[in-house]
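Student: Can we go through this structure together, one question at a time?
Tutor: Yes. Have a look at it before we start.

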Amino acid sequence: MGCCGESRAKPEPTQGNYPSPFQHVTTQPPPHPNLLHPGPPNGQWAEKPFEQPALTPPPAAMQYHQAGGPINPATPGFPPNGFNPNAQNMAGPPVGSPPSAFGPQSNSPFANTVSRNSNRNTYTPPMLDPNIVRPSPVLAAPTRTTTASPPLALSSPSPYFSGGIGGATSPPPDDGKLSISVDFGTTMSGVAYGSSRINAGRVQNILHWPGSMETFRKVPTCLLYNDAGQVLAWGLEARNASLGPGMIRCEWFKLFLEPRALRDSSTIDPRLPSLPPGKTAVDLIIDYLCCLFEYAKEQITREIGAVADLNAADVWLTVPAAWDAAGCDIMRDAAIKAGLVQSAHAGDRNWRDRLRIITEPEAAAVHCAHLTDLHRLQPSQNFMICDAGGGTVDLAVYKIIGQLSNLEIAEVCARSGANCGSIFLDLRFRDLVRTLLADHPAHLDPASQAFFMHAFSETDKLAYMGESDDDNYFHFTCFNVEDPNDPSVGLVNGELAIPGRLLRTEVFDPVIAEVLNLLEEQLKKVTEPIDALLLVGGFSGSEYLFKRVEAQCKSRIKVIARPSDADTATCRGAAQYGLARKPLVSSVIAGRAYLMKVKLPAEQEDWLKRPAYIRRNNAGAEICENRVQYLVQKGAILRKGQRIKTKFCKFSANAQDRVFVAVLYTSDSDKVMRYTDEGPTTELCKWSVDLGMLPSFQHHASLPHPNGFYTEFELGLELDSAEVRGVLLHNGEEVSRVVFDFFQ
């Protein structure tokens, strides 16, 4: 495809379909030999492999000169005969090309983020125990000038795979390298670590945190700022501090990176706490991760000494399953700025690659798959992970393949998730209290509301049993002693008594109904039996949630269980993944389609369905615009580290015209679209590829070409559970990394 995104010549039809000149991901690699339906012991059932959704490959794109005429094969640098590339090209659109194909980048609430340098001012937080070691907060930072992440971080190939499609290498030798996981949650966060040289390779959680002499497996995702935007405290200290003049407590800011919130700020839940003046959600995430990780490194050093090099450790950061690549890119950028990874020595050029992104259910699945005493799973059996956290509930289904001694699991269907975590119980409880005490403003000031919510969150939220508590009253002490009595609303002697039935109908049932609906939708995607449903995450500790899930699913799923360390399953599983030094999750399912908008030769179907899209170019050929070219189908099985290769061709007017630019789109629609107006598509990112590294470009650029020249090249696209990466290839070898500029 040339500058216009049109093919050179219309391909010959084969049995009614137009073959693609290169491999599209319409035929996925064969499943693992053990990805089979389990049968009875006598083997009466026939083995049935996973079925890929059928999709007729879209015809190859046409390619034309900038002027609109066909490409002359005699043009210097023209690719060899038979090559029919398929991509849009920004070298110069032809007359009549849609002006919005590569429009300006949309505005983002996160555009003006700030970067942090390594020079951090020290401070002495108030109301803190001086005997507890604390990290220094970030107090100042230069202005960030771009929303694009560092190229190396985005396009690095997986460390456990080689460059070919699905070409896994042997895992690197176990050198005792430290693996640290950071489970950054909406309400609570945790850190775990492990090394083959420490504690017999077992993963350990950080249990001691600033602000308490007790042990906690997680710490609140909470920050306390002054009116100058400086961090005064974080974690337990920020949660428990009394607010003084000019102090601002910030919580739940992770939800601002939810995909809908990134694309449209009006979809942000208005009940969420507002951000401090002059701060973005990304600023808060950077500040919190910086404080959390600096303290974690100090604590690990105290616990294990100088056994491992913390600066050279692999860091695994968890993200919700529902996040798209744009949210993961923002999270990666924030983590790098917060200092989760850094150069360990001179010449350490790939230090950003030590930061790995993993989805929360994937990490939880790795942890639960090791707990054979809990659910008695065997090879070829399927299990579902329900990761119910503070902000989101994520669902994923996996199959155990291979032997448990050499654990490997694979996704069975696309993951799903929604914002229906436990904080929405808190928000509904606050709304209920406001309704009950509407005529008693003395109990509705911010301090009083925070007091009520803290009591509910710390005790009754998880212990509530549902219908069996309908006739019980739940008592909440008022913060203010004024106006202590109004029996008509349950206000008696300075306590608010709320009937259990009212809590169930107004607080619990609406949120838990969303979780159950999400479970039902996920079960509909699976054509095989589910052998176990494992609930993890902080919200899984709710007795009422567990009872409702069990009642709804016990007739279809034999084992419904909740591990004793369910609240830290994600954090521990991410560290275990790193310690394995190999991809424990062997394949993932594409949760959305990845596609490009192209121009193709007009066919009879186009004349019948979209005659307005057809135009005649200067050479007299009939071209249909606004066609869709799929790179990856929704639901496609992708081996971890699989590199999807696509051939492109760019017309360059001169040697300075060396950058190829295109836009990658996604679609959540299950329908296979022929035209761009048949379903919603979302601009995911812009590809920027510098072709100056290619020998073929350098050769043509060194010769006089008054009419320009063409360069053919190949891009490799890697999709794993959370991120999108790309590389520029020449003769199958990596030449450079592709820069993805994500739209937000």
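**Burial, sheets and cores**

Student: Is Asp426 buried or exposed?
Tutor: This is a predicted model, so the value is computed from predicted atoms. The relative accessibility of Asp426 is 5%. The cut-off for burial is under 20%. Asp426 therefore counts as buried.

Student: Which helix holds Asp426?
Tutor: Look along the chain for the run of residues 423-436. Asp426 falls within that run. The helix is H8.

Student: What does Asp426 touch, not counting residues up to four places away in sequence?
Tutor: Leave out those sequence neighbours first. Five names then remain as contacts of Asp426: Trp252, Met453, Phe456, Ser457 and Lys461.

Student: Which strands stand at the edges of the open sheet of 3 strands?
Tutor: The order is E6-E5-E7, and the pairing is antiparallel. Strand E6 (231-234) and strand E7 (248-251) each have a single partner strand, so one side of each lacks a neighbour in the sheet. The twist from one strand to the next averages 25°. The edge strands are E6 and E7.

Student: Which residue in E6 stands opposite Leu224?
Tutor: Strand E5 covers residues 222-225, and its antiparallel pairing with E6 runs over 3 bridges. Opposite Leu224, in E6, is Ala233.

Student: Which helix packs on the sheet?
Tutor: Look for a helix that touches E5, E6 and E7. Residues 281-304 form that helix, and its direction makes about 105° with that of E5. The helix is H4.

Student: How many residues of strand E22 are buried?
Tutor: Strand E22 spans residues 622-632 and is mostly covered. Strand E20 (residues 593-601) pairs with E22 over 7 bridges, in the antiparallel sense. Strand E21 (residues 614-616) also pairs with E22 in the antiparallel sense, over 3 bridges. The buried count for E22 is 9 of its 11 residues.

Student: What is the bridge partner of Ile614 in E22?
Tutor: Tyr594 has Val632 as its bridge partner in E22. For Ile614, the partner in E22 is Cys624.

Student: Which residues have the most contacts inside the largest nonpolar core?
Tutor: Nonpolar side chains tend to be buried together in soluble globular proteins. The largest nonpolar core here has 107 residues. Its largest share, 15 residues, comes from H4. The residues with the most contacts inside this core are Phe429 and Leu533.

Student: How many residues are in the second, separate core?
Tutor: Among its members are Cys368, Ala590, Ala636 and Val689. The size of this second core is 54 residues.

Key:
Residues numbered from 1 in each chain as written. Predicted model: local features only at pLDDT ≥ 70, side-chain atom pairs only at ≥ 80, totals over all residues. Heavy atoms only, no water. Pairing = 2+ DSSP bridges. Helix = DSSP H or I, 4+ residues; strand = E, 2+ residues; numbered from the N terminus. Axes fitted to C-alpha atoms, helices over the stretch in contact; angles between N-to-C directions. Contact = heavy atoms within 4.5 Å. Buried < 20%, exposed > 50% of the residue type's maximum accessible area, 1.4 Å probe, protein only. Core = buried A, V, L, I, M, F, W, Y, C linked by side-chain atoms within 4.5 Å.
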